[in-house]
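Me: Please take a close look at a single part of the structure shown below, one strand and whatever surrounds it. I would like a connected account of its pairing, its burial and its side chains, and then of how that part sits within the whole.

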Amino acid sequence: MRRSALMAICFLLLSASYALADFYRWIDKDGKQLSQLRNPGDIADIQLSPDRSKFAYTLWGSTPENKDIWIYDVARQLPSRFTFDPAIERWPIWSPDGNSIVFASNKNQFGDIYRKAINLTGGEE
């Protein structure tokens, strides 16, 4: 049940992203619309948080060399920037407890993996 709901949400989000929609529809597994979300921009790599209250995604920057990870709070309809480096940060994955995100970055000119707390305390590991 959880997997099918997640797949439906991701499919709709990705479909809306490629169509440059103004809004995304947050739906349950039965297709019932739960809410409507403002489009945060040209996004990819969408990952729903373990508690399903947020999703992390990659937002394309103004150049191909700049991609950052953002977190979207569904209830507040509020995007917040998670990474700030001018390099490419992509492929966010939530920790099982939802307190941190693991992601890939090329900021050291190589494809390295980092972990960072979602409350932005401490640095990247």
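Reply: Two strands are taken to pair if DSSP finds at least two bridges between them. The model is a predicted one, and the part I have chosen is strand β8, which covers residues 100–105. On one side, β8 is joined to β7 by four bridges, and these two strands run antiparallel. Within that pairing, Glu89 stands opposite Ser105 of β8, while Arg90 has Ala104 of β8 as its bridge partner. The hairpin that β7 and β8 form has five residues between the strands, and in this hairpin Gly98 takes a positive phi near 75 degrees.

Turning to the other partner, β8 pairs with strand β9, residues 112–117, over six bridges and again in the antiparallel sense. Here Val102 finds its bridge partner in Arg115 of β9. The hairpin of β8 and β9 has six residues between the strands, with Gln109 taking a positive phi near 70 degrees.

Taken together, the three strands make an open sheet in the order β7-β8-β9, with antiparallel pairing. The edge strands of this sheet are β7 and β9, each of which pairs on one side only. When direction is ignored, neighbouring strands of the sheet are turned against each other by 25 degrees on average.

How enclosed is β8 by the rest of the structure? Five of its six residues are buried, so β8 is largely enclosed by the rest of the structure. Among the residues of the strand, Phe103 is worth following, since its relative accessible area is 1% and it therefore counts as buried, the cut-off being under 20%.

Which kind of ring pair do Phe82 and Phe103 form? Their ring centres are 6.2 Å apart and their planes stand at 80 degrees, so the pair is edge-to-face, a term that applies to planes over 60 degrees apart. This contact links distant parts of the chain, as Phe82 belongs to the loop between β6 (78–81) and β7 (89–94), whereas Phe103 belongs to β8, 21 residues away. Phe82 is likewise buried, because its relative accessibility is 1%. A charged side chain is also found at this ring: Lys116 lies over the face of Phe82, at 5.0 Å from the ring centre. A second arrangement of this kind involves Lys107, which lies over the face of Tyr114 at 4.6 Å from the ring centre.

It remains to place this part within the whole. The largest nonpolar core has 10 residues, including Tyr24, Trp26, Ile43, Leu48, Phe55, Tyr57 and Tyr72. The elements giving two or more residues to that core are β1 (23–27), β3 (43–48) and β4 (54–60). Phe82 and Phe103 belong instead to a second, separate core of eight residues, which also includes Trp94 and Ile101.

As for aromatic contacts in general, the structure holds four aromatic pairs. One of these is formed by Phe55 and Tyr57, whose ring centres lie 5.6 Å apart with their planes at 45 degrees, so that this pair is tilted. Phe55 counts as buried because its relative accessibility is 1%, and Tyr57, with a relative accessible area of 0%, is buried too. Together with Tyr72, Phe55 and Tyr57 form one aromatic cluster.

At the level of the protein, the secondary structure comes to one helix and nine strands, with the elements running α-β-β-β-β-β-β-β-β-β from the N terminus on. Of its 125 residues, 38% count as buried. Among contacts with a separation of 6 or more, those between residues 24 or more positions apart account for 24%.

Methods: Residues are numbered from 1 along each chain as its sequence is written. Side-chain values use heavy atoms; hydrogens and water are left out. Rings of Phe, Tyr and Trp (its six-membered ring) pair if their centres lie within 6.5 Å; planes under 30 degrees apart count as stacked, over 60 as edge-to-face and the rest as tilted. Buried means under 20% relative accessible area, exposed over 50%, partly exposed in between (1.4 Å probe, protein chains only). A charge sits over a ring if NZ of Lys or CZ of Arg is within 6 Å of the ring centre and within 35 degrees of the ring normal. Axes are lines fitted to C-alpha atoms, for helices over the stretch in contact, and angles run from 0 to 180 degrees between N-to-C directions. A nonpolar core is a set of buried Ala, Val, Leu, Ile, Met, Phe, Trp, Tyr and Cys residues joined through side-chain atoms within 4.5 Å. Contact means heavy atoms within 4.5 Å.
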